[in-house]
Amino acid sequence: MGFAEEIVYLVSTYGVSLFNAMLLTLEITSIGFTLGVLLGLPISLGRVYGPLPLKALLAAYIELIRGTPMIVQLFFIYYALPLVGIKLDAFTASIIAIGLNSAAYQAEYFRMAFGAVPREQWEAALSIGLSKWSTITNVIIPQGVRIAIPALTNELIYLLKYSSIAYFVTVPETVYVSKVIGAKTLLHIQIYTITAVFYILVAVVLTKSAKKLEERVSIPGLVVKGRI
Amino acid sequence: MGSDKLLFIEDLHKYYGKHHVLKGVNLAVNEGESVVIIGPSGSGKSTLLRCINLLVKPDKGRIVFDNEEITTGKIDVRRVREKIGFVFQHFNLFLHLTAIENVMLGLIKVKNYPREKARRIAEEALLSVGITEELWNKYPAQLSGGQQQRVAIARAIAMEPKLLLFDEPTSALDPELIGEVLKVMEKLANEGRTMIVVTHEIGFALKAADRVVFFDDGKIIEEGSPEQVILNPKTERARRFLFSIRELYRLE
């Protein structure tokens, strides 16, 4: 059999389990990312605009997450939490680990984006009598989120690939299933080629969709058209 | 202090670090009066305006606005700002909102008007500054500087403020767009609105101001009628400054 035939063989024999594994990868990535947005946005708001103790607490959280490997965070959630009575299945533990990790990074992306909203926008909002909170929700967040889109796209693609750490706690996601198939058939290079193509395709689709989204929500007249 | 005084500033001081920006400003503005403040850049004029609507907190002195001291800690800052319209040098329109949404935001979020009512008021305000319907749904970046500044004025007057502050409203404009903004401001002054305008436009001051204040180095140096301060200043500093501005105008 040639390389191409071997790939066809793998797809026709293990197509269903590969497909399910890829679905699982997409699930872990999307739920983890969403969790990251839902936590990251409030974390960044608290870190920038909250009272001092909250700022310090959130800064510490971000340092803790950024300072430790994601795999250690996952092991902690999967193996250490049961010691205090919190027992999670591997899939849930992976999503939580990825979500908590991504929240810290996303909080930083949002923080940078909010910082990039011109100071004058604050002055204008306060000058018509808006409160600080109302300024944040009506002026700073709508403008900041637009600025954050490219960084968040980056984060999403990063998570797509790093969702494979779920492999270490036996979630049958793409890398895990590929490894099993590789061991069974000894067609390692072939199976990982399929895996790599899958990741690349998804990443390209995500990049293109993010670009579309960015264009759709761009403020008319404000964005320089025709840039790459 | 008489009850016709809308604004009363007494011995106002402001420091930025060691830099003494305002060095004891005293100023009273009557209801319906339009006051023009002129003076060199960096003399503290903008800081003075920002102190009045509490965007900047003064370090010493008193400001009484609408019969209420606003320089005490107990004051509701938002209620004061709601009553004071501010027009910025760089317009500062909300970049993500259309012209009409810029005007409506404060009406909906601060005055809690229903959308329909806010929209009606916004339309009226925009028309009064000459922004016609085809521009209402444009974003700031799609408007000329003069149009942006007129939308900014509409945003300020839609809130029905008791006092309007203009911080060099034409300094960032192309020369050919200055006229349309000054015309709107003249109209506002003629309508009897109380306003304080920081500007170098002495033509506007002569036409529309009730009083001109010459400001230098954190203090008011001279004040009086527009004719007297602009055409016949008493102090040497004002004479020198106004002479150079008048020279510039003659050249143009």
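Is A:Tyr167 buried, exposed or partly exposed? Select A:Tyr167 in your viewer to begin: with a relative accessible area of 22%, this residue is partly exposed. Keep in mind throughout the tour that the model is predicted.

**Aromatic rings**

A search of the whole structure turns up 11 aromatic pairs over all chains. One of them joins A:Tyr167 to A:Phe168: the ring centres are 5.1 Å apart and the planes stand at 70°, so this pair is edge-to-face. Click on A:Phe168 and you are on another partly exposed residue, at 46% relative accessibility. For a contrast in geometry, jump to chain B and show B:Phe86 with B:Phe88, where centres 4.6 Å apart and planes at 35° make the pair tilted. Both B:Phe86 and B:Phe88 are buried. Now return to chain A and add A:Phe75, A:Tyr78, A:Tyr79 and A:Tyr176 to your selection; ring pairs link them with A:Tyr167 and A:Phe168 into a cluster.

**Chain A as a whole**

Zoom out and colour chain A by secondary structure. You should find eight helices and zero strands. Along the principal axes, the C-alpha atoms fill a box of roughly 75 × 55 × 25 Å. Of the 228 residues in chain A, 45% are buried. Taking the contacts with a separation of 6 or more, 75% are between residues 24 or more positions apart.

Next, pick out helix H6 of chain A, residues 132-162. If those 31 residues formed a straight helix, the span would be 45 Å, but the end C-alpha atoms are only 37 Å from each other. Where should you look for the kink in H6(A)? Centre on A:Ile149: a kink of about 50° lies there, shortly before A:Pro150.

Move on to helix H7 of chain A, residues 174-185, and select A:Ser178. A:Ser178 counts as buried, at 0% relative accessibility. Not counting residues up to four places away in sequence, A:Ser178 touches A:Leu18, A:Ile191, A:Tyr192 and A:Thr195. Try a distance label from A:Ser178 to A:Thr195: their C-alpha atoms are separated by 7.2 Å, with the two positions 17 residues apart along the chain.

**Charged side chains**

Over all chains, the structure holds 25 salt bridges. Start with A:Arg66 and A:Glu63, whose side chains meet at 3.0 Å, N to O. Both sit in helix H2 of chain A (residues 52-67), and because they are three residues apart, about one helical turn separates them. Widen the selection to A:Arg47, A:Glu108 and A:Arg111, which are linked with this pair in a network of salt bridges.

In chain B, show B:Lys23 and B:Asp217, a salt bridge with its closest N and O atoms 3.0 Å apart. B:Lys23 lies in strand E2 and B:Asp217 in the loop between strands E9 and E10, so the pair ties together parts that are 194 residues apart in sequence. Then go to helix H9 of chain B, residues 236-251, where B:Glu236 and B:Arg240 lie four residues apart, about one turn of the helix. Their salt bridge has its closest N and O atoms 4.0 Å apart.

Last stop: B:Glu168, in the loop between strand E7 and helix H6 of chain B. B:Glu168 is buried yet has no salt bridge, the nearest side chain of opposite charge being B:Lys45 at 4.0 Å. Leaving aside neighbours within four places in sequence, the contacts of B:Glu168 are B:Lys45, B:Gln89, B:Val198 and B:His200.

Note on methods: Residues numbered from 1 in each chain as written. Chains lettered and ligands numbered in written order. Predicted model: local features only at pLDDT ≥ 70, side-chain atom pairs only at ≥ 80, totals over all residues. Heavy atoms only, no water. Helix = DSSP H or I, 4+ residues; strand = E, 2+ residues; numbered from the N terminus. Expected span 1.5 Å × (residues − 1). Bend = angle between axes of the 7 residues up to and from the residue. Buried < 20%, exposed > 50% of the residue type's maximum accessible area, 1.4 Å probe, protein only. Lys, Arg positive; Asp, Glu negative; His and termini not counted. Contact = heavy atoms within 4.5 Å. Phe/Tyr/Trp six-rings, centres within 6.5 Å; stacked < 30°, edge-to-face > 60°.
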